[in-house]
Amino acid sequence: MRYSEIFLPTVREVPSDAEIISHQLMIRAGMIRKLTSGIYSYLPIGYRVIRKLENIIREEMNKAGAQEVYLPMVQPAELWQESDRWTHYGKELLRFRDRHDHEFCLGPTHEEVITSLVRNEIKTYRQLPRILYQIQTKFRDEVRPRFGVMRCREFGMKDAYSFDVDEESADQSYEKMFTAYNNIFRRCGLNFRPVEADTGSIGGKYSHEFMVVADSGEDALAFCDQCSYAANLEKAEVGCPEKKIISEDDWLPLKKVNTPDCTTIEEVSAFFKVNPSEIVKTLIFNADGKPYAVLIRGDLEINEIKVKNYLGVTDLELASDEMIKDVTGAPRGFAGPVKIKIPILVDYSVIDMVNFITGANKKDYHLKNVNIGRDFKVEAFRDLRFIKPDDQCPRCQASIKIARGIEVGHVFKLGTKYSNAMKAMYLDKDGHEKIMIMGCYGIGIGRTVAAAIEQNYDDDGIIWTMPLAPYHVIITPVNANEKNVMEAAENLYNLMIANNIEVIFDDRDERAGVKFKDADLIGIPLRVTLGQKNLSQGNVELRIRKTGESQIYSLQNIVEKIKEIIEQEMKQQA
Ligand code: ATP
Ligand code: MG
């Protein structure tokens with residue numbers, strides 16, 4: 001491609017509404033432009049990168065035995081009513097009516113459509129297993145679209161769905177997708193980790209998010225650098241501490257203390273002049289309409305997902321003032337476990353505590369020297385809190401680290417959630433009708449490209465890895481007015497095209513500095529510079545974007561050298 005002909009509007013200034021680096025660089029490098037909130041156009045350079053990623057994904061999906069389909073984006077309401085998501089999906093689902101007043105939505109995901117296709121076409125165990133995938137546009141009316149294509153409303157996704165006869169076979173499909181995902185993100189040159197994620201009502205260990213480690217990430221992940229354990233923050237397990245032997249001789253007499261206006265942990269710890277870790281927080285939850293008390297050490301945070309999973313309820317929220325008053329007899333801020341008439345769940349952090357402080361279930365009062373067993377009974381001790389840095393790894397006891405991450409992909413064993421609701425059945429060997437076991441597997445296309453930039457840039461711009469680079473080489477003659485230089489550049493360009501090298505020829509009549517700046521900004525891995533002095537000796541300069549290193553090569557050898565570098569880097573990632 002000739003630079004003079006390419007549609008590549010680069011921008012020098014940092015766009016004021018772009019908070020994170022990938023968003024800034026994608027605008028500045030002429031990859032994307034915003035149409036309206038959360039909706040972007042890809043320009044030629046940007047779309048080439050998208051295509052590169054899509055091709056890597058296709059190769060790995062096909063290798064794993066998945067087959068490509070293309071499903072409609074406009075989906076009838078009836079299908080979503082069958083799965084019961086028409087009412088449950090919420091406002092991210094964009095709904096509309098056609099001229100006949102029929103209701104539709106724009107697909108935010110495609111479980112309903114694929115399940116409807118498969119249930120109509122697959123009848124017996126002989127046609128299973130199947131993994132089907134597509135690369136398609138999704139629409140999610142996100143509350144707060146942000147960070148460019150990282151969290152937008154219209155975006156490309158690779159979504160795959162597996163259908164199997166039984167759990168064992170479904171686990172194999174999951175494994176295949178898990179392996180394919182590892183290959184895809186490795187080939188993109190990303191520093192990533194598959195992390196265990198919450199499976200909600202499905203249970204089991206079958207949900208992994210693929211996280212690209214980056215400070216700008218919206219998610220937090222907990223990981224161990226001694227073993228391979230990694231989980232997102234909601235899911236990360238906290239082990240039970242080894243229980244100390246607590247002697248009843250240590251128990252001090254229970255005391256009720258007047259604590260006017262002390263409702264928060266900070267106020268209570270200041271009042272008693274103790275560390276928050278000597279106080280036990282009592283939170284009252286409304287679980288599907290029933291109140292529960294959850295106890296945790298004062299300096300730690302309850303993880304509501306763990307509470308919800310333990311209770312097996314659909315809705316969990318902090319109790320209203322009214323419910324708190326009802327169950328404790330006191331306003332918010334004075335709840336405690338002593339003499340409360342609701343079930344008490346206790347986080348492991350409280351298991352070893354003696355003579356602690358809690359609310360007294362009376363306005364402006366707290367209790368001192370509270371002890372488990374003597375003063376109240378516990379329904380269960382469980383892991384109910386968020387993990388924090390330096391907690392023990394639940395697998396190997398080394399210490400846990402917390403990092404920020406961008407979720408680029410998600411693999412999930414669905415079980416029979418959709419196949420049951422939508423009756424996707426098959427006949428087994430003995431002619432019995434059985435429900436198919438499903439899995440779903442997504443990769444955000446634009447988000448993965450943005451994440452690759454978050455990990456590969458410097459002050460001058462993007463640094464593409466070879467597999468994702470929109471072009472591999474840029475030829476830069478330093479002075480467009482020197483005829484012999486331009487001729488040599490033109491010849492080299494033609495030779496590279498003939499050798500199937502993806503190359504831009506910067507034939508613009510611009511200062512060398514401008515050309516270099518653009519080449520660095522758009523992140524082309526290799527730059528070949530042609531100048532009068534080198535050329536007079538039959539030489540050109542090859543500069544590596546990633547390292548900034550330059551070396552002189554003879555014009556005769558440069559194409560071979562470039563082919564060698566490209567091949568080597570592509571192979572390294574594969
Ligand atoms: P998030 O928690 O970030 O909203 P999600 O759990 O809703 O993601 P999935 O439903 O698992 O995402 O979708 C699969 C993949 O699609 C995600 O891993 C992500 O890469 C991508 N994705 C999801 N929402 C968006 C979005 N609003 N913009 C761009 N990509 C997205
Ligand atoms: Mg989402």
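# Exercises on a predicted protein model

**Exercise 1.** List the residues in contact with M31, leaving aside its neighbours within four places in sequence.

*Solution.* Contact means heavy atoms within 4.5 Å. With this cut-off, M31 is in contact with M26, S41, Y42, L43, I45, G46, V49, V449, I453, I462 and W464. The model is predicted: local features need pLDDT of at least 70 and side-chain atom pairs pLDDT 80 or more, while totals for chains, interfaces and linings use all residues. Residues are numbered from 1 along each chain as its sequence is written, chains are lettered from A and ligands numbered from 1 in the order in which they are written, and side-chain values use heavy atoms, without hydrogens and water.

**Exercise 2.** State how many residues the largest nonpolar core has, and which have the most contacts inside it.

*Solution.* First, define the terms. A residue is buried under 20% relative accessible area, exposed over 50% and partly exposed in between (1.4 Å probe, protein chains only). A nonpolar core is a set of buried Ala, Val, Leu, Ile, Met, Phe, Trp, Tyr and Cys residues joined through side-chain atoms within 4.5 Å. Next, apply them: the largest core has 66 residues, and M31, M61, M177, F185, W464 and I504 have the most contacts inside it. A second, separate core of 27 residues includes V485, L530, V540 and I544. In soluble globular proteins, nonpolar side chains tend to be buried together. Finally, 53% of the 574 residues of the protein count as buried.

**Exercise 3.** Describe the pairing of strands β1 and β2 and the turn between them.

*Solution.* Helices (H or I, at least four residues) and strands (E, at least two) are DSSP runs numbered from the N terminus; two strands pair if DSSP finds at least two bridges between them. Strands β1 (residues 32–36) and β2 (residues 39–42) are antiparallel and share 4 bridges. Within β2, Y40 is the bridge partner of K34. The two strands form a hairpin with 2 residues between them, and G38 in the turn has a positive phi of about 70 degrees.

**Exercise 4.** Give the strand order of the sheet that contains β29, and place helices α12 and α15 on it.

*Solution.* The order in this open, mixed sheet of 5 strands is β28-β27-β29-β30-β31. Its edge strands, β28 (503–505) and β31 (550–554), each pair on one side only. Strands β29 (residues 526–530) and β30 (residues 539–544) pair antiparallel over 4 bridges, and V528 has L542 as its bridge partner in β30.

For angles, axes are lines fitted to C-alpha atoms, for helices over the stretch in contact; values run from 0 to 180 degrees between N-to-C directions. Helix α12 (residues 483–498) lies across β27 (473–477), β28 and β29, at about 165 degrees to β27. Helix α15 (residues 558–573) packs on the sheet by touching β27, β29, β30 and β31, and its direction makes about 15 degrees with that of β30.

**Exercise 5.** Identify the residues that come nearest to ligand 1, and give polar distances to this ligand.

*Solution.* A residue is near a molecule or strand if one of its heavy atoms lies within 4 Å of it. Of the 14 residues around ligand 1, R140, E142, R151, C152 and E407 come nearest. A polar side-chain atom of E142 is 2.8 Å from a nitrogen atom of the ligand. An N or O atom in the side chain of E407 is 2.7 Å from an oxygen atom of ligand 1. For V408, a backbone N or O atom lies 3.0 Å from an oxygen atom of ligand 1.

Notes: A polar contact is a pair of N or O atoms within 3.5 Å; within protein, one must be able to donate a hydrogen and the other to accept it, and residues adjacent in sequence count only if both atoms are side-chain atoms.
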